[in-house]
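Reader: I have a structure open and would like to go through it with you. Can we start with the vocabulary?

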Amino acid sequence: MASPVWHDAAARPAGVVSVASAAPADDGSYGYDLEALLAVPPVEPPSAFAELWSSWYRDALRVDPDPRPTSVGMSGGREVFEVDHVVSGGLRLRGWFATTVDGLEPTCGVVHGHGYGGREAPNVDRVPDDAVVFFPLARGQGVLNAGVGAPTPDDGHVLFGIESVDTYVLGRCAVDLWHAASALRAIAGDLPLYYVGESFGGGIGALALPWDDRLVGATLIVPTFGQYDVRLGLSCEGSGEKVRRYVEEHPEGRDVLRFVDASTAAGFVRVPVRVECALVDRHVPPPGQFAVANAVALAEARGDGAALELDVQPAGHTEYPGVDDVRRAAFAATRAHIRTSVGRPSAA
């Protein structure tokens, strides 16, 4: 099994040995088989991790989202609105809200994140017909928020504010998900909420999920930002490569990353979580993905309400034979997971 480099030997997970240089992406497996991936540990939380995130959540709830929806037409029986809303600091971000299909009475709301770079339009493949859905766009990203509140990905988004835990963009983007949830509820009422996010959206979703008691479940798809103790030793083709190179030159940056590690946060979840992990992935190294799932499994073992549904897929961030069938099955599985999560007694 390929092993990473740690800047702090004391932070090295038990049972993993450091090597002298970053492992190449090769086929995207990084030398891990499934058994090794299922053994990747999440990163232990630094002091005051939970207290910091809980305080950010309390502050976010005090912000009036003041959503301003503008109808942009019908799609698949849903009316779609462009919505601008307030986040911390008074910044207004834009996203989309879509109603249920054909006016069905809504049973829940879905907050639906996106991959790195944003999205160009809503996509409801994972959303049940009787769910309303809000598609937030991260600050700095996508067709609606490019350069708003943060640089675009091409201009250094993933490193923006990394000098401080309070300003680092990944934390701010996770907080913005809570504001999106508030905007959804301001529009549609106090529905139980479910989160869906892929890659970038999976990582910041894992960061936001444990602290928001409005969320009754989540699907995290090839989530990034997990297990930085491993990630920082693995070169990749995604945004994590910029972070790895930055920390090589600025090792103090690791102190900030400890507070935005998706595997650390996932250990605090108390709701059902479906995690889709890839065996090979050149953009988000698989051990980081599996560390998030493994953290949910540990939370489940504690008996506080967490439950892991792990879907191991052949590859991530790429096309391959049979990928359409894998995706269709995953879409259906998320819709089923939403219904199950909303139907749990604790969800009420």
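Author: One definition first: helices and strands here are DSSP runs, numbered from the N terminus, with at least four residues for a helix and at least two for a strand. The model is a predicted one.

Reader: ok, how many helices and strands are there in the protein chain?

Author: The protein chain has eleven helices and nine strands.

Reader: and what box do the C-alpha atoms fill?

Author: Along the principal axes, the box is roughly 60 × 40 × 40 Å. The radius of gyration is 19 Å, which agrees with the value near 20 Å for a compact globule, because the chain has 348 residues.

Reader: What share of the residues is buried?

Author: Buried residues are 57% of the 348. As for the surface, the chain exposes about 13,600 Å², and 52% of that comes from carbon and sulfur atoms.

Reader: What about contacts between residues 24 or more positions apart?

Author: Counting contacts with a separation of 6 or more, 68% are between residues 24 or more positions apart.

Reader: Switching to pockets. What volume does the largest pocket have?

Author: Its volume is about 550 Å³. The lining has 28 residues, and the closest to the pocket's centre are R126, E198, I221, R327 and F331.

Reader: Which helix gives the most to that lining?

Author: Helix 11 does, with five residues. Helix 11 covers 323–343, and at least two lining residues each also come from strand 6 (193–198) and strand 9 (307–315).

Reader: How do the lining residues of the largest pocket divide by class?

Author: Eleven are nonpolar, eleven are polar and six are charged.

Reader: Back to helix 11. I clicked on T334 there. Buried or exposed?

Author: T334 is buried, because its relative accessibility is 0% and the cut-off for buried is under 20%.

Reader: What is T334 in contact with, leaving aside neighbours within four places?

Author: T334 is in contact with R126, Y194, V196, T219, R274 and E276. R126 also appears among the residues closest to the centre of the largest pocket.

Reader: Now T70. Where does T70 lie?

Author: T70 is in strand 1, which covers residues 68–75. T70 counts as partly exposed because its relative accessibility is 48%, and partly exposed runs between 20% and 50%.

Reader: And which residues does T70 contact, neighbours within four places aside?

Author: V80, F81 and E82. T70 and V80 are ten residues apart along the chain, and their C-alpha atoms are separated by 8.4 Å.

Reader: G103 next. Where is G103 found?

Author: G103 is in the loop between strand 3 (92–98) and strand 4 (108–112). With 65% relative accessibility, G103 counts as exposed.

Reader: How far apart are G103 and T318?

Author: In sequence they are 215 residues apart, and in space 36 Å, C-alpha to C-alpha.

Reader: Last topic, cavities. How many are there of 30 Å³ or more?

Author: A search of the whole structure finds four. The largest cavity holds about 120 Å³ of space.

Reader: Which residues lie nearest the centre of the largest cavity?

Author: H114, P136, L137, A138 and L177, out of 16 that line the cavity. Strand 3, helix 4 (169–188) and helix 5 (200–208) each supply at least two of the lining residues.

Reader: And the classes in the lining of the largest cavity, how many of each?

Author: Ten nonpolar, four polar and two charged.

Definitions and conventions
Residues are numbered from 1 along each chain as its sequence is written. This is a predicted model: local features need pLDDT of at least 70, side-chain atom pairs count only at pLDDT 80 or more; totals for chains, interfaces and linings use all residues. Side-chain values use heavy atoms; hydrogens and water are left out. On a 1 Å grid over the protein atoms alone, a cavity is a set of points where a 1.4 Å probe fits but cannot get out, and a pocket is an open set with protein on both sides within 12 Å along at least five of seven lines; lining residues have an atom within 4 Å of a point. Grid points are joined across faces, edges and corners, and a volume is the space filled by probe spheres set on the points. Ala, Val, Leu, Ile, Met, Phe, Trp, Tyr, Cys and Pro count as nonpolar, Asp, Glu, Lys and Arg as charged, and the others, Gly among them, as polar. The radius of gyration is taken over C-alpha atoms; the globule rule is 2.2 Å times the number of residues to the power 0.38. Buried means under 20% relative accessible area, exposed over 50%, partly exposed in between (1.4 Å probe, protein chains only). Contact means heavy atoms within 4.5 Å. Accessible areas come from the Shrake-Rupley method with a 1.4 Å probe; for residues, only the protein chains shown count as cover.
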